[in-house]
Amino acid sequence: NREEILSSKSNRLTEALEEANKLFEKVCRAREAALDAQFLVLASNLGKEKANELHSEMTSFDSATFAEDLLTLMGINRTEIEENDSEPGGFLPRDAWQKVGEEALKYFRRAPTFHYMLGSFKSDPPEAKQRIERQKKASRGEAKQIMPAQLKKMEESHEEATEKEVERILGILQTLFENDPDTPISFFDFVIDPNSFARTVENMFHVSFLIRDGLAEIRLDDDKLPIIEPTKSRKGVEENQGPGARKQVVMSLTQEEWK
Amino acid sequence: ELVQFLLVKDQKKIPIKKADMLKNVMGEYREAYTEIVSQAGRILQEAFGLQLVEIDPKLHSYILISSLPCAESNHPCRAKEKEKMGLLIVILSFIFMKGNTVKDNALWEFLRWLRVHPGEQHEIFGDVQKLVTEEFVRQKYLKITPIPLLDPPQFSYQWGPRAALETSKEDILNFVAKVQGKNPKFWTSQHHEATA
């Protein structure tokens, strides 16, 4: 009986409803009304199922037309040539789906995707110290990367860089002296960087370490100009044993003088 | 801190689980969970115009949606996101207009018209099938349930809870109407359902 009613061609359901209607008019007792109600529930359930079976006829929604209209929205270029396959001819532009998406966003209450605006910190490796002409150092690659969060590390590498510089300058001094053992080098010639005042000061700073550690000496020559030479090892030992002739010299060098 | 966590987690649009929140952010403050969550919700609402919604009361997972009316949230959106939303709205429209449930083959047959094929790499979407059946489902935009007693297995597609929250039947009907250049009332039963 159910199958019969569900079959879409059948009007059985309608007939049954009409019959029920007629019967209801004759009803005078509660029990019959209850039965009637029960019947209605059943009938409506069947009706719903029947409606579902009918699919698109009921909803009058045509997917093919919808698809066509979507393609139009996407900006399809329709070709004249008829294709053999089920897809209509035409060429979809690159931004086809973006166009749909743009329209789509208007119908959604979507939380915007959260992105960090700024990247995380990166610092540049310490600037390569300027080289004094004759020496080239392949180990430039040793210059360390500094992570900003780790302040300790930064200080360390600063110290190391200074040490390195001091060593380097000592090396240069010694080399120069090797080439020409009896001529001490004019202090100013040694430290001054003709191009940069800052570098000059740095050079002096490094040289001062050498002096402090007794690895180099500064004396005044006959012209009362300071000269610098590496201490010969013997002498160095002696000096350490003695009270140590240490002098403190404040060198003032203004930018004017430098020029 | 929870607010930040939620905002970042929301990027993938996958619901955020209570367990994750407790583990990553709250740690010692477990007991104050409800308090903290509601505070975070308030901040999100007031500062960002976002609503924190519990989408699964059993699992206690949450999503973020915008509380501003649609047309006003004209926020910049990346192309990839737009394209996915385009595909999504087409699918949601199809499902609704066809009575809120469709069979998988019906949907994919429809998508063919739009040059989208399952099992084929799509120029824009890549593995479309994965996008639809996995990503959209995980994000709670779609709900896919197997139809019992069918071999080979078939599935029915419906709107997921996020779809129901972020848009509405009325909105989707309006979209369809706009695309087809018709009055939404043209489709009487859908219109009736949407405005009920």
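User: What makes strand 3 of chain B count as mostly covered?

Analyst: This is a predicted model, where local features need pLDDT of at least 70, side-chain atom pairs count only at pLDDT 80 or more, and totals for chains, interfaces and linings use all residues. Residues are numbered from 1 along each chain as its sequence is written, chains are lettered from A and ligands numbered from 1 in the order in which they are written, and side-chain values use heavy atoms, with hydrogens and water left out. Now, the strand: buried means under 20% relative accessible area, exposed over 50%, and partly exposed in between (1.4 Å probe, protein chains only). In strand 3 (residues 61-66) of chain B, 6 of its 6 residues are buried, so "mostly covered" fits.

User: Which residues of strand 3 of chain B point which way?

Analyst: Ser61(B), Ile63(B) and Ile65(B) go one way, Tyr62(B), Leu64(B) and Ser66(B) go the other, and all are buried.

User: How do you know that strand 2 and strand 3 of chain B are paired?

Analyst: Two strands pair if DSSP finds at least two bridges between them. Strands themselves are DSSP runs (E, at least two residues), helices are runs of H or I with at least four, and both are numbered from the N terminus. Strand 2 (residues 50-56) of chain B has 6 bridges to strand 3 of chain B, running antiparallel, so they pair. Leu50(B), for one, stands opposite Ser66(B).

User: And what makes strand 1 of chain B a partner of strand 3 of chain B?

Analyst: Strand 1 (residues 16-17) of chain B has 2 antiparallel bridges to strand 3 of chain B, so the rule of at least two is met. Ile16(B) has Tyr62(B) as its bridge partner.

User: Why do strand 1 and strand 2 of chain A stand at the edges?

Analyst: Chain A has an open sheet of 3 strands in the order 1-3-2, with antiparallel pairing. Strand 1 (185-186) and strand 2 (216-220) of chain A each have a single partner strand, so one side of each lacks a neighbour in the sheet. Strand 2 of chain A pairs with strand 3 (residues 226-230) of chain A over 5 bridges, and Ile218(A) sits opposite Ile228(A) there.

User: Why is Ala104(A) called buried or exposed?

Analyst: Ala104(A) has 0% relative accessibility, which is under the 20% limit, so it counts as buried. Ala104(A) lies in helix 6 (residues 96-105) of chain A. Apart from neighbours within four places in sequence, Ala104(A) is in contact (heavy atoms within 4.5 Å) with Met85(B), Gly86(B) and Ile89(B).
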